[in-house]
Amino acid sequence: MHEMSLCEGVLQVLEEYARSQDYSRVKTVWLEIGCLSGVEIEAMRFGFDLVMKGSVAAGATLEIIQTPGQAWCMQCGKTVAVTERYDACPDCGGYQLQVTAGDEMRIRELEVE
Ligand SMILES: [Zn+2]
């Protein structure tokens, strides 16, 4: 499962932070997931609990913030909102879109102790 390795990536970051910022436990993780990233939220939640077991983030709460998708339409010459990666432009119906936001996943905030 793709989300499993994403969770492992998150854990690596959390453990690095724990070392550099000297905390012993992560209580809450706010994860920003773009709606074009292809990440399945439910799979992410499932994977998170499994992967964090026995780690610095064991039992931590996962808060997911979904961010909207945006793309640049070459035909319209402006930024438009898209909900799927291969959507057509909502204004002109064209497919010359370059995704500019919403295809990433990142840790926005942590609550630690
Ligand atoms: Zn357009």
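**Exercise 1. Which residue of E5 does alanine 71 stand opposite, and what sheet can be built outward from that pair?**

*Solution.* Let's start from the pair itself: alanine 71 stands opposite valine 99 in E5. Keep in mind that this is a predicted model.

Next, widen the view to the strands. E3 covers residues 69–73, and four bridges join E3 to E5 in an antiparallel arrangement. Another contact between them is the bridge that pairs tryptophan 72 with glutamine 98.

Now turn to E4. E3 pairs with E4 over five bridges, again in the antiparallel sense, and here glutamine 70 has alanine 81 as its bridge partner. The two strands form a hairpin with four residues between them, and glycine 77 in the turn has a positive phi of about 70°.

Put together, this gives an open, antiparallel sheet of three strands in the order E4-E3-E5. Strands E4 (78–82) and E5 (97–101) have a single partner strand each, so they are the edges, and one side of each has no neighbour in the sheet. From one strand to the next, the twist averages 40°.

**Exercise 2. Sort the residues of E3 by face: which are covered and which uncovered?**

*Solution.* Walk along the strand. Gly69, Ala71 and Cys73 make up the covered face, while Gln70 and Trp72 make up the uncovered one. Cys73 can be checked by number: its relative accessibility is 0%, and since the cut-off for buried is under 20%, cysteine 73 counts as buried.

**Exercise 3. Find the protein donors of the zinc ion, then work out their geometry.**

*Solution.* First, list the donors: the SG atoms of Cys73, Cys76, Cys89 and Cys92 lie 2.2 to 2.4 Å from the zinc ion.

Second, look at the angles. The four donor atoms subtend 106 to 115° around the zinc ion; tetrahedral requires all angles to lie between 85 and 135 degrees, so the arrangement is tetrahedral.

Third, read off the spacing in sequence, which is C-x2-C-x12-C-x2-C. Cysteine 73 in strand E3 and cysteine 92 in the loop between E4 and E5 are 19 residues apart, and this pair links distant parts of the chain. As for accessibility, cysteine 92 is partly exposed, with a relative accessible area of 37%.

**Exercise 4. Where do the buried residues of H1 lie, and how does the span of H1 agree with what is expected?**

*Solution.* Begin with the span. H1 runs over residues 2–21, and its 20 residues should cover 28 Å at 1.5 Å a residue; the end C-alpha atoms are 29 Å apart, which agrees.

Then mark the buried residues of H1: Glu3, Cys7, Val10, Leu11, Leu14 and Ala18. These cover an arc of only 105° around the axis, so they sit on the same side of H1. On the face turned away from that buried side are the exposed residues Gln12, Arg19 and Ser20.

**Exercise 5. Describe the sheet that contains E1: what is its strand order, and which strands stand at its edges?**

*Solution.* The sheet is open, with three strands in the order E2-E1-E6 and mixed pairing. Strands E2 (61–67) and E6 (105–112) have a single partner strand each, so these are the edges. The twist averages 20° from one strand to the next.

To finish, zoom in on one pairing. E1 (residues 26–34) and E6 are antiparallel and share seven bridges. Tryptophan 30 stands opposite glutamate 109 in E6.

Key:
Residues numbered from 1 in each chain as written. Predicted model: local features only at pLDDT ≥ 70, side-chain atom pairs only at ≥ 80, totals over all residues. Heavy atoms only, no water. Pairing = 2+ DSSP bridges. Axes fitted to C-alpha atoms, helices over the stretch in contact; angles between N-to-C directions. Donors = N, O, S within 2.8 Å, 3.2 Å for Na, K, Ca; no water. Tetrahedral: all angles 85-135°; square planar, octahedral: opposite > 155°, others 65-115°. Buried < 20%, exposed > 50% of the residue type's maximum accessible area, 1.4 Å probe, protein only. Expected span 1.5 Å × (residues − 1). Arc of directions from axis to C-beta.
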